Amino acid sequence: MMTRKKNAQSGERGSIIKHGDFLTWGICYPGPRPAANGSLGWQVIYREIAALDAWRCERFFYDRHWQDATGRLRGVDSGRPAGDCQILAVSLYYENDYFAVLAMLRDMGIPWRRSQRSAEFPLLLAGGPCASANPLPLQQVFDGFVVGEGEEVCRQLAEVYQRAAGRQAGREELLAEWAELASVYVPDYSRRPARRATVTDLDRYDGGAVFYGGESVFDDMFLLEIARGCGRGCGFCLAGSIYRPPRFRRRQGLLAAARRAVGVCSRVGLVGTAVADHPQLKDLIADLLTIGLESSPASLRADRVDGELAGLLRRCRLNTLTIAPEAGSPRLRAAINKGLDEEQILAAAEVAATAGFSRLRFYFMVGLPGEEEEDITAIVRLMAMVRRLTGRRTALVASVNPFVPKPFTQLAGAGMFPAGYYQRVKRRLAAELRRQAGCQLTAWPGTHHFFAQALLANGDEQVGEALLQAAAGRERGFGGLKRNLAAMGIDWQEYLSGRQSNRLGQIIDG
Ligand code: SF4
């Protein structure tokens, strides 16, 4: 009762409440509600499962707000404990969330290791980009991994569960049946690599947010997935590698979904792997404006920005345009297969400044394979060229982060640089961008965060063991991973030197 009151007070719409006797699929987000509502992936699964006759969904957010007096985490929709669910599913978006996922399970009273969970505990499933890229570090934790896009697979998992429960099959029998599904990896049960699931016809599924109007990191915004997959083939990009081919939702369906937001939100967040490649993007933005909704795309490819698009986005009162050159020099952009030349980047900046954008943000990575001092110089030089084109009235921000190699990408085998390199590059960029380009630098706070990400992205069962031990101890994050790997006699740097586990190819059909 209390939770329903809290949900109503938050102004949030979307919760599908079912009373009666249902199987319960818990959806866990390893962060607070505003962060969860700013993410679309788990909401898609909520919609699919809640639509099944035999199932109800329960949301769990990792937030003290949802703990009871004993510290136990309770469901957002009914206030029930996680132990009441038959299945608990987590979408893994970022490797650095793994510690939060484990802390969340602890606060739910769920043992971390599947070997320690008896049949009275829910079955644990993982999905999302990290589960699709490398389940190995978490395979002691999760009973199953959804590999690829989840809409159809989560229904298959639910239906198999339901049939198995109907004939009172044991857990082993159920896991063996899950392992038969083409896009599910079940540790100890799968006998062949899981094939990535791809939704062929996106328009069969609603692209809009389930939850909106309440607390969200994107205030006053309705999230709308307009495209999925990308065919551009940037060598570093996990999303571009595992979500293929590019698919675009039709304008009519998108408009129908967006109409739900009219009178509730004023802005539509256009979500997708390659939003700017949508062939009807301009028409869609114009259509949304006619029903009173402004659009906000996450970032745009420079080669898709022209005067008409920039003008439309300014009509949406957008003041910041984000472009991702990724590397400063044409040589390095070619090496990572970014497929953007300098003229295209400069033309996009000029068009945006002319249209009246007051701020331009540029994403760069450092520590790319083959990077040299002159490539860092090239970032400063590129920003200085943009400054000359745009004049002082346009604020320029260079947002720079270390490159992290990800499995199944073209740069999967690339190593990372020693920690000192990143610190030196950061100091250099901070000084030179301000002095020579009049540009602000938003740089990564700590390199260790990215080393932890790389370890978990490329790690195997041993990294998984170090993760569990670190999460149980006092020193979490990179320090804990490094110390526990060392205690096992393993040099953490080996994982960042480009070594890939052969095991990955045996469990996922890349
Ligand atoms: S970085 Fe963007 S354009 Fe490149 S592959 Fe990824 S989604 Fe596509």
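Q: In β16, which residue is the bridge partner of Val400?
A: This is a predicted model, so keep that in mind as you look around. Val400 falls within strand β15, residues 395–402, and four bridges join that strand to β16. The two strands run parallel. Follow Val400 across to β16 and its bridge partner there is Ala443.

Q: What is the order of the strands in the open sheet of four strands?
A: Strands of a sheet pair through backbone hydrogen bonds, either parallel or antiparallel. In this open sheet the pairing is parallel. Neighbouring strands are turned by 25° against each other on average, direction ignored. Reading across the four strands, the order is β13-β14-β15-β16.

Q: Which strands stand at the edges of that sheet?
A: Look for strands with a single partner strand, because one side of each is then left without a neighbour in the sheet. That fits residues 320–326 and residues 440–443. So the edge strands are β13 and β16.

Q: Which strands does helix α15 touch as it packs on the sheet?
A: Helix α15 covers residues 419–437, and its direction makes about 160° with that of β16. Helix α13, residues 342–355, packs on the sheet too, touching β13 and β14. As for α15, the strands it touches are β14, β15 and β16.

Q: Are α6 and α7 roughly parallel or roughly antiparallel?
A: The axes of α6 (residues 150–166) and α7 (residues 171–178) come within 10 Å and cross at roughly 150°. Angles over 145 degrees count as roughly antiparallel. That makes α6, relative to α7, roughly antiparallel.

Q: How many nonpolar residues are in the contact of α6 with α7?
A: On the α6 side you'll find Leu157, Val160, Tyr161 and Ala164, while α7 brings Glu173, Leu174, Glu177 and Trp178. Two of the contact residues are charged and none is polar. The nonpolar count is six.

Q: How are α17 and α18 oriented to each other?
A: The axes of α17 (residues 461–472) and α18 (residues 477–487) come within 8 Å and cross at roughly 120°. Among the residues that meet are Leu467 in α17 and Leu481 in α18. α17 passes α18 in a right-handed crossing. Given their angle, the two helices are therefore oblique.

Q: How many charged residues does the shell around the ligand have?
A: The residues around the ligand include Cys230, Cys234 and Cys237, along with Arg232 and Arg301. By class, five residues of the shell are nonpolar and three are polar. The charged ones number two.

Definitions and conventions: Residues numbered from 1 in each chain as written. Predicted model: local features only at pLDDT ≥ 70, side-chain atom pairs only at ≥ 80, totals over all residues. Axes fitted to C-alpha atoms, helices over the stretch in contact; angles between N-to-C directions. Parallel < 35°, antiparallel > 145°, perpendicular 65-115°, else oblique. Contact = placed C-beta atoms within 7 Å. Nonpolar A, V, L, I, M, F, W, Y, C, P; charged D, E, K, R; others polar. Pairing = 2+ DSSP bridges. Near = placed C-beta within 6 Å. Left-handed = near helix turned anticlockwise from the far one by under 90°.
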